[in-house]
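Let's work through a few short exercises together. Keep the structure open beside you as you go.

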Amino acid sequence: MKYKMTYRLIGYFSAVLLLFAVAVGGMLMFLSSKQMTEAYEEELKARAVSISETLSAFSRGEGQMPGMESSQGHGHGKGAGSGTAGGYGGYLRFIDDIAMSEVWLVDEKARTIETTHMESALSVGELPENAEAVVEKVFQGQVEISREFSPVVGVPSVTVGAPVTDGGGNIVAAILLHSPVAGIENSRKEGMKILWFCIIAALVLGGILSVLLARRFIRPLKKMDAAAGKLMEGDYGICTGIRQNDEIGALAGNLDALSGRLRELNDERENEEQLRRDFMSSISHELRTPVTVIKGSLEVLNEGMAADEAERAKYLRQMLADANYLQGLVNDLLELSRLQNIGFHIEKSPLNLMDVLEESVRSMRPVAGARQIKMTLENSVGPVSFMGDYGRLRQMFTVILDNAVKFSPEKAPVEIRVFGERDEKVISIRDFGSGISPEDIPHIFERFYRGRREENHSGTGLGLAIAKEIAKRHQINIYCESTLGKGTVFYFKFKGEDE
């Protein structure tokens, strides 16, 4: 589904917003209704107390409430209309105009009721069951509030009862104020209408915001999806271009890093493939030449074309030289293959690296002497403790020394120096030959790479590659610096060990 996540975000956002609005709105309505009811009850209570105090004062002035007998009464009194024109009935009607509630005057046993809205007294049977409990509390001297005293007025109401006393402080009647709470209910209904309107408006606004947020979230996701598709197709140069300081930005960064890593691996794979092709081409060429020469010599000898012994000996020497070259080539290939195999382990033991270097120099001195090349060794650090394979380290130094002698002019020196500090030491081998061109230096440690110099065509092209692998196995950094016409220096840099 094209916009599935958008719909989900809209649904989740709207559901959360709706639940929040209903919960908060309901709580606010409950609290506001409760507060309004309590405030109204307090106001009604204050009115009832004020009226009861006024009637009490009136009672003290009259001595006895008209229409009612004293607290030691002798039966039922007269109704509300039996008093004089200035009696309590008229006063209660006057009070009703300012009390804004229905006012009842009840004796202790609720036998007689003076009411402001009725022309006759109500009997006790017409009063709700709860009336007697309110009147009882009032005649105990309490101001009582009831929310259940409503059937008489026919609508939900709040009733407040307050005592009326005579001149002696005796409670002679209970004043009851009834007030409908329809206004509060109407306010609650209006509040609910406003709440629902706000909820609907919030849902509409929330839907709009959720669409905008969904688009903001989905846009980078679509970019990452497109980038992942490109990666699956093999396009490792793709980049999401997303820069955000959040989880999506972190995911996009990881995807870009993955793309970069895959690009590197692909480049390495292509480079390895090219090297493999170059290797196969080079090895085919290296093998083809001596094999062709040997085959040609054998054909000459087999057909008896070599007339005398001297000519046959010449062909035999040539075949022997080519066979030796093939043997050396095969041995170098096997050696390089073993060194490049991760599973191949070399045996290391404690040794003095200077002993290895000195033996390599001694073995090369006869070759150098044939060309009147003087090899000098300068050691400024003394013995160098090292963990390594003696034979392979000697092979590494011999390869570099052999190249230094091979590419040096006659009577030119070859200088070997050992220097450095305790934590890092360096061995340098310098020749003063024709040097290596800058474009050749990055490739000199590759297999079968001989460069463009004529004197470099006699070797197999594997010596420096073997030396590089031996150095790598011993955590030795080997590199080259060269200047055309001035010579070449090979450096071996490694960590020194305490004596």
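**Exercise 1: Two helices that cross**

Find how the axes of helix H8 (residues 390-406) and helix H9 (residues 463-473) lie relative to each other in this predicted model.

Solution. Start with the axes: those of H8 and H9 come within 9 Å, and they cross at roughly 140°. Next comes the hand, and this crossing of H8 and H9 is left-handed. Now look at who touches whom: H8 contributes Arg392, Leu393, Gln395, Met396, Val399, Ile400 and Asn403, while H9 contributes Gly463, Leu464, Ile466, Ala467, Ile470 and Ala471. Sorted by class, the contact of H8 with H9 has nine nonpolar, three polar and one charged residues.

**Exercise 2: Checking a helix**

Compare the expected span of helix H7 (residues 353-370) with the distance between its end C-alpha atoms.

Solution. First, at 1.5 Å a residue, the 18 residues of H7 should span 26 Å. Then check the ends: the end C-alpha atoms of H7 are 27 Å apart, which agrees. Along the way, H7 has a kink of about 35° at Met364, shortly before the proline Pro366. Met364 is also one of the buried residues of H7, among them Leu353, Val356 and Ala368. Just after H7, Gln372 takes a positive phi of about 60°.

**Exercise 3: One residue in its place**

Decide whether Asp322 is buried or exposed.

Solution. Begin by locating Asp322, which sits in helix H6 (residues 309-340). Its relative accessible area is 11%. Buried means under 20%, so Asp322 is buried. Finally, leaving aside neighbours within four places in sequence, Asp322 is in contact with Pro290, Val293 and Ile294.

Technical notes. Residues are numbered from 1 along each chain as its sequence is written. This is a predicted model: local features need pLDDT of at least 70, side-chain atom pairs count only at pLDDT 80 or more; totals for chains, interfaces and linings use all residues. Side-chain values use heavy atoms; hydrogens and water are left out. Helices (H or I, at least four residues) and strands (E, at least two) are DSSP runs, numbered from the N terminus. Buried means under 20% relative accessible area, exposed over 50%, partly exposed in between (1.4 Å probe, protein chains only). Contact means heavy atoms within 4.5 Å. Axes are lines fitted to C-alpha atoms, for helices over the stretch in contact, and angles run from 0 to 180 degrees between N-to-C directions. A crossing is left-handed if the near helix is turned anticlockwise from the far one by less than a right angle, and right-handed if clockwise. Ala, Val, Leu, Ile, Met, Phe, Trp, Tyr, Cys and Pro count as nonpolar, Asp, Glu, Lys and Arg as charged, and the others, Gly among them, as polar. The expected span of a helix is 1.5 Å times one less than its number of residues. The bend at a residue is the angle between axes fitted to the seven residues ending there and the seven starting there.
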